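Let's take a friendly walk through a protein model. Have a look at the sequence and the structure first, and then we can go through some details together.

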Amino acid sequence: MSTVEEIESAIENLKEDEVTRLAKWLDAKMADAWDRAITRDAECGKLDFLFDEAKAGRETGTLHPWPRAR
């Protein structure tokens, strides 16, 4: 099985509990990929602007807690 189409076809034949198990596995895989991407972006400075914005907001008194209370 090497194409997305073949995998999709195989998934169609799974039982509901197997699909749930696969979905949990895929969700964990995607979360790990997200964590690695955020770490890479932070390490190379792509997220520095967020720290700069927070610092500026703190200095001007416009920084609010997140998530904002409703």
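In this report, Lys and Arg count as positive and Asp and Glu as negative. Keep in mind that what you see is a predicted model.

**A charged patch**

With that in hand, find E5, E6, E8 and E12, which together form a negative surface patch. One of these residues, E8, sits in helix α1, which covers residues 4-12. Is E8 buried, partly exposed or exposed? The cut-offs settle it: buried means under 20% relative accessible area, exposed means over 50%, and partly exposed is in between. E8 has a relative accessible area of 48%, so E8 is partly exposed.

**A helix of 28 residues**

Now move along to helix α2, made of the 28 residues 16-43. From the first C-alpha to the last, α2 reaches 40 Å, close to the 40 Å expected at 1.5 Å a residue. An α-helix has 3.6 residues a turn, so residues three or four places apart point the same way.

Helix α2 is home to M30 and also to A33. M30 joins W25 and L26 in a nonpolar surface patch of about 350 Å². How far apart are the C-alpha atoms of A33 and D52? They are separated by 26 Å, and the two residues are 19 residues apart along the chain.

After α2 comes G45, which has a positive phi, near 90°.

**A pair of opposite charges**

Side chains of opposite charge can pair when their charged atoms come close. How many salt bridges does the structure hold? It holds 1. The partners are D41 and K46, whose side chains meet at 3.9 Å, N to O.

Here is how some of the residues we have met compare with the cut-offs above:

| Residue | Relative accessible area | Class |
|---|---|---|
| E8 | 48% | partly exposed |
| M30 | 53% | exposed |
| A33 | 30% | partly exposed |
| D41 | 24% | partly exposed |
| K46 | 53% | exposed |

Looking again at the salt bridge, D41 counts as partly exposed because 24% falls between the two cut-offs, while K46, at 53%, counts as exposed because that value is over 50%.

**A cis peptide bond**

To finish, look for P67 in the segment after α3 (48-60). The peptide bond that leads from W66 to P67 is cis, and its omega is near -5°.

Key
Residues are numbered from 1 along each chain as its sequence is written. This is a predicted model: local features need pLDDT of at least 70, side-chain atom pairs count only at pLDDT 80 or more; totals for chains, interfaces and linings use all residues. Side-chain values use heavy atoms; hydrogens and water are left out. Patches are made of residues with over 30% relative accessible area and no salt bridge: like charges are joined within 9 Å, nonpolar side chains (Val, Leu, Ile, Met, Phe, Trp, Tyr) within 5 Å. Accessible areas come from the Shrake-Rupley method with a 1.4 Å probe; for residues, only the protein chains shown count as cover. A salt bridge is a side-chain nitrogen of Lys or Arg within 4 Å of a carboxyl oxygen of Asp or Glu. The place of a charge is taken as NZ of Lys, CZ of Arg, CG of Asp or CD of Glu. Helices (H or I, at least four residues) and strands (E, at least two) are DSSP runs, numbered from the N terminus. Buried means under 20% relative accessible area, exposed over 50%, partly exposed in between (1.4 Å probe, protein chains only). The expected span of a helix is 1.5 Å times one less than its number of residues.
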